Amino acid sequence: MKIIDNIYDQPNRLQKILNTHATIANDLTELVTKNQIKKVYLTGSGTSYHAATLIAMYFNKFTNLDAQAIIPGNFTNYLQPSPYFKAQETLLIGISQSGTSTSTLEAIRKAKKLNFNTVAISEETKSKIAQESDLVIYLNTGDEVIPVETRGYTSTIMLGLLLALHLGLAQKVITEENYKKFLTQTEQELKKLPTTLSNTEEFYLQHKNELVTMKKGAIAGYGYNYATALEAYLKMYETFHAPLTVHEFGELLHGYEMAFDSEQYIFLIIANGPEKELANKYLDFLKQVTKHLFVITDQNLEFIPEAKVLKVPSLTYDELSPFNLIIPFQIIASRNCEAIGYDTAKYPLKIESFAHF
């Protein structure tokens, strides 16, 4: 199994998860309703944390819950329970694809000590994380086998989106009509992902010689796609090993630019949102620093000639754009590794990681 196989399987896997929408959130909805949940923390490490940041936005958008993503260590060691929510009104959702994350397990144990409700989202429903939580929700990503997660990320955010929509329907934040409309449109949008895959492959071949010689880079995104930038940074760094930084779009030029030089590669993720109007202004500034400017976008905008622009299909709902805009970074990471002969199917270190039990 190679990373590229999991990348190409994403449209099929996302459809499988979407097909479970009628039942996947039933137990969570019952728990939230029974305990009158008002506050939700979402935690996980690495890819799971990046997914949590986006799912928190989905919860805040579609439900009346106060949702917050938090790094497991911060939850375990530094969280001060809010005086505005009772313990029984608070829920921690721990995300671990493998079910073996030590930091996420410790967060769940801390939540239990605080008398919070706990839910595990995992591919392994009999893992220790699942066993120690009040409820486990099957992630349904399939076994990725290799340590680099790609399908796991998009599967997690699809599941999170469905959970948010179902809860919102139960809380009457969204109507039955809008709920069904969103699901129907999502199914149609998934059919556009193969075009994103093919467009990215063409883009990569066109710019392969430049991309494979990257020595350092920076990735910036905003809104729903700040999480995309976080995950893109991890995928590019853990595979190709060229050092990168990740930024919220508006923060990119607030001091960080003083570290940029002619060897800097800049990747801007341009989705719908007020920030997109700043794209050309940013690029006009950055072209004076480096020629390695890349734009990954689903928007129809005019860009300066110096930028290498990858246009992927536009999706109807802004909330769906992360499924589309992460794919180019997954493919660039995979193809770069193939070009230099790096095997992503193997854990590269010769020592045992203590991050998983």
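Just after helix 11, H241 takes a positive phi of about 70°. That stands out a little in this predicted model, since H241 is a residue other than glycine. As a rule, most residues other than glycine have a negative phi. H241 is found in the loop that runs between helix 11 and strand 7, and with a relative accessibility of 41% it counts as partly exposed, because that value falls between the 20% and 50% cut-offs.

The helix leading up to this spot covers residues 226-240, 15 residues in all. From first C-alpha to last, helix 11 reaches 21 Å, close to the 21 Å expected at 1.5 Å a residue. Its buried residues are A227, T228, A229, L230, E231, A232, K235, M236, T239 and F240. On the other side of H241, the loop between helix 11 and strand 7 also holds P243. P243 is partly exposed, with a relative accessible area of 41%. Setting aside neighbours within four places in sequence, P243 is in contact with K215, K216, G217 and Y237. L325 lies 82 residues from P243 along the chain, and the C-alpha atoms of the two are separated by 21 Å.

N140 shows a positive phi too, near 65°, and is likewise a residue other than glycine. N140 sits in the loop between strand 5 and helix 8. At 15% relative accessibility, N140 counts as buried, because the cut-off for that is under 20%.

Strand 5 brings the sheet into view. Five strands make up an open sheet in the order 2-1-3-4-5, with parallel pairing. At the edges are strand 2 (66-69) and strand 5 (135-138), each of which pairs on one side only. From one strand to the next, the twist averages 20°. Further in, strand 1 (residues 39-43) and strand 3 (residues 90-95) pair in the parallel sense over five bridges, and T43 stands opposite G94 in strand 3. Helix 3 (residues 26-34) packs on this sheet, where it touches strand 3, strand 4 (117-122) and strand 5. The direction of helix 3 makes about 150° with that of strand 5. Helix 8 (residues 151-170) also lies across strand 3, strand 4 and strand 5, but runs at about 120° to strand 5.

Aromatic side chains turn up in quite a few contacts, and the count comes to 13 aromatic pairs. One of them is Y41 with F75, an edge-to-face pair at 5.6 Å centre to centre with 70° between the planes. This pair links distant parts of the chain: Y41 belongs to strand 1 and F75 to helix 5 (residues 72-78), 34 residues apart. Both Y41 and F75 are buried. Another is F249 with Y282, a stacked pair at 4.5 Å centre to centre with 5° between the planes. Here too distant parts of the chain are joined, as F249 is in the loop between strand 7 (244-248) and strand 8 (264-270) while Y282 is in helix 12 (residues 279-286), 33 residues apart. F249 and Y282 are both buried.

Beyond these pairs, F203, Y265, F267, F294 and F329 form one aromatic cluster. Lysines come into play as well. The charged end of K39 sits over the ring of Y41, 5.0 Å from its centre, and the charged end of K308 sits over the ring of F294, 5.5 Å from its centre.

F294 leads on to strand 9 (residues 293-297), which is mostly covered, five of its five residues being buried. In a regular strand the side chains alternate between the two faces of the sheet. In strand 9 both faces are covered, with L293, V295 and T297 buried on one side and F294 and I296 buried on the other. Strand 9 pairs with strand 8 in the parallel sense over five bridges, and I270 stands opposite T297 in strand 9.

Back towards the start of the chain, Q15 has its place in helix 2 (residues 10-18). Q15 counts as buried because its relative accessibility is 19%, where the cut-off is under 20%. Neighbours within four places in sequence aside, Q15 is in contact with E187 and L190.

Technical notes:
Residues are numbered from 1 along each chain as its sequence is written. This is a predicted model: local features need pLDDT of at least 70, side-chain atom pairs count only at pLDDT 80 or more; totals for chains, interfaces and linings use all residues. Side-chain values use heavy atoms; hydrogens and water are left out. Helices (H or I, at least four residues) and strands (E, at least two) are DSSP runs, numbered from the N terminus. The expected span of a helix is 1.5 Å times one less than its number of residues. Buried means under 20% relative accessible area, exposed over 50%, partly exposed in between (1.4 Å probe, protein chains only). Two strands pair if DSSP finds at least two bridges between them. Axes are lines fitted to C-alpha atoms, for helices over the stretch in contact, and angles run from 0 to 180 degrees between N-to-C directions. Contact means heavy atoms within 4.5 Å. Rings of Phe, Tyr and Trp (its six-membered ring) pair if their centres lie within 6.5 Å; planes under 30 degrees apart count as stacked, over 60 as edge-to-face and the rest as tilted. A charge sits over a ring if NZ of Lys or CZ of Arg is within 6 Å of the ring centre and within 35 degrees of the ring normal.
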